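Hi,

Here is the structure we talked about, ready for you to load. Have a look at it first, and then read on for what turned up.

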Amino acid sequence: MYRLNISLVTVSVVSQLLCPSSEHREPHSQFLPWQQPFNARHKLPVSFVGAAAILLSNRSSDCSRSKYQLNRVVRTHKGADDNSYNCIFQEEDEAQIVGTKLSKDLLAVTGEALKANISTLGPLVLPMSEQLLFFATLVANKVFKMKLKPYIPDFKLAFEHFCIHAGGRGVLDELEKNLRLTEWHMEPSRMTLYRFGNTSSSSLWYELAYSEAKGRIRKGDRVWQIGFGSGFKCNSAVWKALKTIKPAKEKNPWVDEIDEFPVSVPKVSPINVS
């Protein structure tokens, strides 16, 4: 679209209705509840919407007032695989209530989609040293039949900030482990999940807003946004900060309470049994 239009300004809206019904679900229902906010001050019903909007432009005259430059977009779609296609599916349960069913294979499908996505993204963003290590391990295993553990590139050498789809604690835990990220890198995603719950793909923009409100974004910083969706899809967007973001001049959902974060989130939430 940007190549076909010499001058283009567009508003991109990211929204997701996670569960279209707020009706009562019986304990034996086949549908899994969506991740609710841990923060008791923000009461949300089972059915809620996540949304965010950004203004995009390819006009050179807008460069001086732009925050970020979009460098890369990589989209992976695994719909041809039955397990991937069926792992998130909207249908009716026995009580004829429409809801979204999550397959037990969800984390495995997520991992496969992410692997395919970063296989394409990696050569575009990783330094040559990381690419050579990955290639050397691949050659050793494929050509010389060695049984070396696959080398996982260090994406912290390519990005300063990570905005990961806050679809649940399990998703964040897996990506933190597989990408070898630190608590500091995971903080925007975990705090977004804590405060707003699972707002699907729009969580990426709440996470970027968190980093801005914390004063972490410096000119030249690179941001990796990783989003997932039914289908199954894994999409990556790579941004470069064109300026240092000053929190005092920002207006976003975090600025009024940013000094209260991060908070400690227990690894296992206690269950009250009455």
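Let's begin with the largest cavity: helix H5 gives the largest share of its lining, three residues. Keep in mind as you go through this that the model is predicted.

The structure holds one cavity of 30 Å³ or more, and the space in it comes to about 40 Å³. Which residues line the largest cavity? They are Glu-160, His-161, Phe-162, Trp-184, His-185, Pro-188, Ser-211 and Arg-216. Besides H5, strand S6 gives two or more residues to this lining. By class, the lining splits into three nonpolar, three polar and two charged residues.

Now for H5 itself. This helix covers residues 183-196, 14 in total. From first C-alpha to last it reaches 19 Å, close to the 20 Å expected at 1.5 Å a residue. If you look along the helix, you'll find a bend of about 30° at Ser-189. Just after H5 comes Gly-197, with a positive phi near 80°.

Is H5 mostly covered or mostly open? Mostly covered: eleven of its 14 residues are buried. Among them are His-185 and Pro-188, two residues that also line the largest cavity. Ser-189, where the helix bends, is buried as well, and so are Met-191, Thr-192, Leu-193, Tyr-194, Arg-195 and Phe-196 towards the end of the helix. The cover over the buried residues of H5 includes strand S6 (161-164), helix H4 (169-178) and helix H6.

H6 also turns up in another place, the second largest pocket. That pocket holds about 990 Å³ of space and is lined by 30 residues. Which of them lie nearest its centre? Leu-55, Leu-56, Lys-67, Tyr-68 and Trp-239 do. The elements giving two or more residues to this lining are strand S2 (49-57), strand S3 (68-77) and helix H6 (203-213). S2 gives the largest share, six residues. If you want the chemistry of the wall, the lining has 17 nonpolar, six polar and seven charged residues.

To pull the threads together: H5 helps line the largest cavity, H6 is part of what covers the buried residues of H5, and H6 also gives residues to the lining of the second largest pocket.

Cheers

Conventions. Residues are numbered from 1 along each chain as its sequence is written. This is a predicted model: local features need pLDDT of at least 70, side-chain atom pairs count only at pLDDT 80 or more; totals for chains, interfaces and linings use all residues. Side-chain values use heavy atoms; hydrogens and water are left out. On a 1 Å grid over the protein atoms alone, a cavity is a set of points where a 1.4 Å probe fits but cannot get out, and a pocket is an open set with protein on both sides within 12 Å along at least five of seven lines; lining residues have an atom within 4 Å of a point. Grid points are joined across faces, edges and corners, and a volume is the space filled by probe spheres set on the points. Helices (H or I, at least four residues) and strands (E, at least two) are DSSP runs, numbered from the N terminus. Ala, Val, Leu, Ile, Met, Phe, Trp, Tyr, Cys and Pro count as nonpolar, Asp, Glu, Lys and Arg as charged, and the others, Gly among them, as polar. The expected span of a helix is 1.5 Å times one less than its number of residues. The bend at a residue is the angle between axes fitted to the seven residues ending there and the seven starting there. Buried means under 20% relative accessible area, exposed over 50%, partly exposed in between (1.4 Å probe, protein chains only). Contact means heavy atoms within 4.5 Å.
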